[in-house]
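Thanks for sharing this one with me. Here are my notes, set out point by point so you can follow along with the structure open.

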Amino acid sequence: MRTSKARLTYVLCLLFAVLGAGAVAGLDLGIETWVGNLGFRTDRASSDTRLPGGDYFWGLSVFGTQPLTDTVSMETGFYSDPVLRNLSRTIFTYTTKFLSVGMGPIFGLFNDIRTPVKSGLSASVRLEYPGVIFVTLRSDSSIGGSLVQTGDYTQELTDVTLGVYFPNAICTLAWTSRSFQQKASSQNVTDGLTEYTFAAEVFKKNVPYRLRVWLAYQDLARSYDAGSTTTATLGSVILGTQVEVTLAGPLVLRAGLEGNIYSFGLGSLVGGDSAFLFRSYAGLKMNLDFNPLVSRFL
């Protein structure tokens with residue numbers, strides 16, 4: 001999960017590219033960074049039975065959205081994920097009053113020098129009764145069959161979210177599964193995360209602040225398959241909070257922190273509650289078409 005120089009170089013190149021595009025097309029641009037110790041090292045040995053917490057990881061994401069017509073929009077970006085690692089995603093979404101359908105390519109990037117690019121497909125569907133209830137389904141998957149050569153990998157994501165609108169609040173129930181499977185020289189290694197989340201987002205009209213809080217249970221796992229399977233699983237109860245502030249003009253700042261209330265080892269992990277495990281993040285979004293400071297220099 002350690003960020004390479006290649007990842008940082010790609011992100012900076014993509015940032016300048018979308019900045020240039022935004023000056024012409026009015027792109028909404030976002031950038032976000034995260035840091036934390038809630039995760040396993042990518043070089044963790046199968047014999048290691050310690051709970052995580054002593055290593056820190058970080059990542060950087062840059063992304064943008066652009067309406068193409070009244071009903072079609074495009075979202076693109078480079079994302080750093082604690083489980084999925086590095087990937088880019090470009091999605092075209094068709095939206096009506098009650099239905100949104102999105103589809104587009106994803107690419108795993110720089111996750112292994114032997115497999116610098118891994119192609120895949122992302123699809124999403126959102127059904128909504130405006131102001132009452134909605135359900136969202138999303139699936140990302142690498143294209144290809146079994147892992148053959150050392151360094152081959154697959155990235156998988158599935159997300160199902162049910163949301164209900166209340167006065168000045170949106171409450172959601174979500175199930176999310178992520179996995180990154182890679183062929184090593186002597187075994188297959190799989191990083192996985194399964195999470196169940198209840199969240200509430202609170203807001204008020206004409207108030208520039210939005211608050212989101214959530215409670216989640218997650219299983220973070222790392223499996224080693226060398227004929228027989230050894231799995232180290234960290235179960236955690238997570239509490240998180242996020243604040244979003246809209247400043248004067250089209251600039252939005254966002255920051256959040258999630259940490260474990262209690263963690264315990266399953267499978268080959270031993271012990272529980274050995275350290276405070278957390279992940280924090282901060283970022284901003286802005287509409288370049290209406291930002292006079294950015295437009296002045298582009």
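**Notes on the model**

1. Let me begin with a charge and a ring: R126 places its charged end over the ring of F134, 4.1 Å from the ring's centre. Please keep in mind throughout that this is a predicted model. A second arrangement of this kind involves R279, which lies over the face of W34 at 6.0 Å from the ring centre.

2. Now the overall picture. The chain has two helices and 14 strands, and 43% of its 298 residues are buried. Among contacts with a separation of 6 or more, 53% join residues 24 or more positions apart. The exposed surface comes to about 15,300 Å², with carbon and sulfur atoms supplying 64% of it.

3. Next, the nonpolar interior. The largest nonpolar core holds 17 residues, and the members touching the most others are L38, F40, W214, L220, L234, I238 and L269. Strands β10 (188–202), β11 (209–225) and β12 (229–246) are the elements that each give two or more residues to this core. Separate from it is a second core of six residues, V62, F78, L109 and M286 among them.

4. L38 is a good residue to click on. Beyond the residues up to four places away in sequence, L38 touches Q218, L220, L234, I238, L277, F278 and R279. Two of the partners named here, F278 and R279, also turn up in ring arrangements: R279 is the residue over W34, and F278 pairs with Y56.

5. Is A199 buried or exposed? This residue of strand β10 has a relative accessibility of 1%, under the 20% cut-off, so A199 counts as buried. Setting aside neighbours within four places in sequence, its contacts are I170, C171, T172, R212, V213 and W214. A199 and W214 are 15 residues apart along the chain, yet their C-alpha atoms are separated by 4.1 Å.

6. Finally, the aromatic rings. The count of aromatic pairs is eight. One of them, Y56 with F278, is tilted, at 6.2 Å centre to centre and 50 degrees between the planes. This pair links distant parts of the chain, 222 residues apart: Y56 sits in the loop between β1 (28–36) and β2 (57–67), and F278 belongs to strand β14 (residues 278–287). Y56 is partly exposed, at 49% relative accessible area, whereas F278 is buried, at 17%. Ring pairs also bring in F276, giving a cluster of Y56, F276 and F278.

Technical notes: Residues numbered from 1 in each chain as written. Predicted model: local features only at pLDDT ≥ 70, side-chain atom pairs only at ≥ 80, totals over all residues. Heavy atoms only, no water. Core = buried A, V, L, I, M, F, W, Y, C linked by side-chain atoms within 4.5 Å. Buried < 20%, exposed > 50% of the residue type's maximum accessible area, 1.4 Å probe, protein only. Helix = DSSP H or I, 4+ residues; strand = E, 2+ residues; numbered from the N terminus. Contact = heavy atoms within 4.5 Å. Areas by Shrake-Rupley, 256 points an atom, 1.4 Å probe, with all protein chains shown as cover. Phe/Tyr/Trp six-rings, centres within 6.5 Å; stacked < 30°, edge-to-face > 60°. Lys NZ or Arg CZ within 6 Å of the ring centre and 35° of its normal.
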